[in-house]
Amino acid sequence: MSQPILQVQNLCKTFGNHRVLKGIDMQVHAGDVVSIIGSSGSGKSTLLRCINLLETPTSGSITFHGEEVTAPGFRQAPYRAKVGMVFQSFYLFDNMTVLENCMVGQVKVLKKDKQAAKQTALELLEQVGMGPYIAARPSQLSGGQKQRVAIARALAMQPEVLLFDEPTSALDPEMVGEVLEVMRTLAKSGMTMLVVTHEMAFARDVSSHVMFLSEGVICEEGTPQELFTNPQQERTREFLSRFMAR
Amino acid sequence: MEFINDMQRALQQYGTQYLEGAGNTLLLALVGTIAGCLIGFVVGTVQSIPLPQSKGKRGLMYVVRGLLRIYVEVFRGTPMIVQSVFIYYGAFYLGGGFSSPWSAGILVVSINTGAYMAETVRGGILSIDPGQMEGAKAIGMTHTQAMVNVILPQALRNIVPQIGNNFIINIKDTSVLSVISFADLFFVHKSVSGSLYLYFPSAVITMVIYLTMTLLASFLLRRWEAYLAGDDNYEMVNRPNDTLEQTSGLYRAKTKGEKR
């Protein structure tokens, strides 16, 4: 098997006395779509935030193409540009238009010239169905529209991996569909994705690998087939039955 | 009417001096406020740099923060009139000095305004959702890039009313610089009333000029605020005939001859 893009080993994260992650091991290879499911407070989001170094891991190792990202002196900014993140609350830049949101990273971080950046931004915004809204400001958009812009903004950096932190949890039900549709298309195009989600249908249908997190450990993992039709652990069964019953 | 006659006399003899004084007041307030804002932005931004990991850099950061804190507390906690004499005569006492009251005046007003603005800017930065910084970091920006491109522009928009406040305060409070013989409007009033013995008529003229300047400044600042707030509406691109969008209240039809 080829070298994984991301490898996490024995990752622990403690907030004060609270141990949120208690030794996580995982690998992400090019083209993988990994869904991370689990109850609130199980550490899913913290895991993603540690991978992106928005939280500093307490112990353990995270390597990106074999390079340790928690090592002192590791340059975090260029790494974050390659590992994109889509947040639950979008975090679009309020002082910029939709188009500028998708250009600023390309210009300031990747040092592309403005015309090329604009071209890329326009293509991606068209792709997520936000082409007509390039002149709008984030405050003028609906949640689903904001999230689609946020995905375009992340894609504009041409990331190798894209992390999604509950991208549909802050949305009105009727807007969930449009965002999931964009993510489905992305997954089909071969994008490497790590998705924390409560959308079981998405996890089941789109991902190549599913991890069930419970109380800071990976309780069970496998293909969607294995996990959803034949869960081995009692806790997984309990969790899934609560979700599937709805 | 004797009062009207007195005002006329003062204006006829010293009209240009009043205007010059007003001009000096305005220029000093403007330069002092701009320089003060720059100081404030630097100090406020430095104070909001997160503490570094390594021990040496962390110690250095504590020292820098401590010094900036002392600066803010000293110049916010003493009257500007005392700061003027302190700096102006202090410089002479130490063997230096100022070539003109202008350089002393600009220095005093800038430092004083900077101390207030530092706190304002710090507050402005704190008021921005931390998510904005996370969003910027997530696309690979460094702390500085995120500050310059994302956080400070938003903070600036929030603190424009406070900048305006400082400018108006400076228009009025530069009057204390007459103690170091800075020829501002109040200085002119003092000399006019001294030579013509027209204390009240001159005071009325001075009041009216000050009020005119502050009202004008207030008006211009509101225009700037509205400009920074941006347009309420946006235009749809490549979908000019979508009736639903056009009636949604967000669409802005192009008016003939309007500049964009």
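Okay, quick one to start: in strand 2 of chain A, which residue is the bridge partner of Cys12(A)? Have a look at the structure for a second. It's Lys22(A). One caveat before I go on: what you're looking at is a predicted model.

Let me build out from that pair. Strand 1 of chain A covers residues 6–15, and eight bridges tie strand 1 to strand 2 of chain A, with the two running antiparallel. As a reminder, strands of a sheet pair through backbone hydrogen bonds, either parallel or antiparallel. Zoom out a bit and you get an open sheet of four strands in chain A, ordered 2-1-4-5, with antiparallel pairing. At the edges sit strand 2, residues 18–28, and strand 5, residues 67–68 of chain A, and each of those pairs on one side only.

Now the whole of chain A. We've got nine helices and 10 strands there. Chain A is as compact as a globular protein of its length, because its radius of gyration is 18 Å, close to the 18 Å that the globule rule gives for 246 residues. If you want the box, the C-alpha trace of chain A spans about 55 × 45 × 40 Å along its principal axes. Burial comes out at 58% of the 246 residues of chain A.

Surface and charges next, still on chain A. The exposed area is about 10500 Å², and carbon and sulfur atoms supply 46% of that in chain A. There are 24 positive and 25 negative charges in chain A, and their mean positions lie 6 Å apart.

Over to chain B. Here we have nine helices and zero strands, so to speak a plain run of α-α-α-α-α-α-α-α-α if you read along the sequence of chain B. What about the radius of gyration of chain B? That's 24 Å, where a compact globule of 260 residues would have one near 18 Å. The C-alpha trace of chain B spans about 70 × 60 × 25 Å along its principal axes. As for burial, 40% of the 260 residues of chain B count as buried.

Chain B exposes about 14500 Å², with carbon and sulfur atoms supplying 65% of it. On the charge side, chain B carries 20 positive and 16 negative charges, with mean positions 8 Å apart.

Last bit, contacts. Take the ones in chain B with a separation of 6 or more: 71% of those are between residues 24 or more positions apart. With that separation cut-off in chain A, residues 24 or more positions apart account for 65%.

That's me done, happy to rotate the view if anyone wants.

Notes: Residues are numbered from 1 along each chain as its sequence is written. Chains are lettered from A and ligands numbered from 1 in the order in which they are written. This is a predicted model: local features need pLDDT of at least 70, side-chain atom pairs count only at pLDDT 80 or more; totals for chains, interfaces and linings use all residues. Side-chain values use heavy atoms; hydrogens and water are left out. The radius of gyration is taken over C-alpha atoms; the globule rule is 2.2 Å times the number of residues to the power 0.38. Buried means under 20% relative accessible area, exposed over 50%, partly exposed in between (1.4 Å probe, protein chains only). Contact means heavy atoms within 4.5 Å. Accessible areas come from the Shrake-Rupley method with a 1.4 Å probe; for residues, only the protein chains shown count as cover. Lys and Arg count as positive and Asp and Glu as negative; His and the chain ends are not counted. The place of a charge is taken as NZ of Lys, CZ of Arg, CG of Asp or CD of Glu. Two strands pair if DSSP finds at least two bridges between them.
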